[in-house]
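User: I'm new to reading protein models. Could you pick one part of this structure and walk me through it closely?

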Amino acid sequence: VYNLVTKRAVAHEDAVMEWVDGYDLQRLLVPEMLNRIRKRVSHRRWEYLNRVIVTNGPVQPRIKPGVAVSIVRDCLSALAALHREGVVHGDIKPSNVMLLADGGVKLIDIGLARPFARKPGERAGAFGTRGWMSPEQARPDGGIDHRSDIWSLGRLLAHMLDHVPTADANRGQRETRARLRGLADWMSAPSPDARPDGMSQI
């Protein structure tokens with residue numbers, strides 16, 4: 001998160017924009033993008049990409065577990081900066097996670113960011129993107145805090161991992177995917193109290 005770290009910026013809608021050299025996850029996780037990459041790299045490079053970074057899935061390309069963990073870790077670091085200031089990002093989704101040309105990750109678009117509202121009635125109106133916002137965000141008067149972002153990040157992790165072919169995976173790879181899916185389910189539990197309470201637990 002590059003353009004906001006204070007509640008004042010949320011309240012006054014102050015923002016500093018930055019050009020980010022990379023692709024968002026939504027754009028990357030489409031079959032057409034994988035096909036374009038296949039045409040531009042050598043056979044050896046293509047095998048490496050499929051083994052280590054991304055592979056084709058029945059519906060869309062899927063991120064390999066090690067890379068998915070790295071993406072989530074960088075997102076957690078960005079969210080920690082917001083949460084220390086009592087701010088919820090409120091719109092964690094594939095199109096707001098940028099993979100940079102140098103291999104880094106940036107969390108972008110804080111246009112829906114809100115200060116924590118721990119008590120029902122402290123805020124008015126649902127906010128977020130359908131399918132990616134936590135249950136409490138969807139309620140017009142639901143309380144929100146850092147656990148709302150954790151829910152959305154859990155959904156993002158599951159999205160990156162789902163439908164990864166496992167027939168050719170060894171036992172260790174299958175167990176890793178199962179553990180990560182379990183983490184994603186924990187992070188996106190319906191009740192905030194059932195989710196990890198902080199980044200250190202993840």
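Analyst:
**A close look at His146**

Let's start with one polar contact: a polar atom of the His146 side chain lies 2.4 Å from the backbone oxygen of Asp197. Keep in mind that this is a predicted model. His146 is part of helix 7, and it counts as buried because its relative accessibility is 12%, while the cut-off for buried is under 20%.

What is His146 in contact with, once its neighbours within four places in sequence are left aside? The partners are His83, Val88, Phe116, Asp197 and Gly198. Two of these names come back when we look at the nonpolar cores: Val88 and Phe116 belong to a core of 5 residues, along with residues including Ala117 and Phe127. That core is the second one, separate from the largest.

Now for the largest core, which has 37 residues. Ile71, Val97, Leu153 and Met160 have the most contacts inside it. Helix 7 (146–161) is among the elements that each supply at least two residues of this core, and so are helix 5 (65–84), helix 8 (171–187) and strand 5 (97–100). The largest share comes from helix 5, with 8 residues.

Met160 is a good residue to click on next. Apart from its neighbours within four places in sequence, Met160 is in contact with Leu25, Arg62, Ile63, Ala68, Ile71 and Val72. Ile71 is thus on two lists: the contacts of Met160 and the residues with the most contacts inside the largest core.

Notes. Residues are numbered from 1 along each chain as its sequence is written. This is a predicted model: local features need pLDDT of at least 70, side-chain atom pairs count only at pLDDT 80 or more; totals for chains, interfaces and linings use all residues. Side-chain values use heavy atoms; hydrogens and water are left out. A nonpolar core is a set of buried Ala, Val, Leu, Ile, Met, Phe, Trp, Tyr and Cys residues joined through side-chain atoms within 4.5 Å. Buried means under 20% relative accessible area, exposed over 50%, partly exposed in between (1.4 Å probe, protein chains only). Helices (H or I, at least four residues) and strands (E, at least two) are DSSP runs, numbered from the N terminus. Contact means heavy atoms within 4.5 Å. A polar contact is a pair of N or O atoms within 3.5 Å; within protein, one must be able to donate a hydrogen and the other to accept it, and residues adjacent in sequence count only if both atoms are side-chain atoms.
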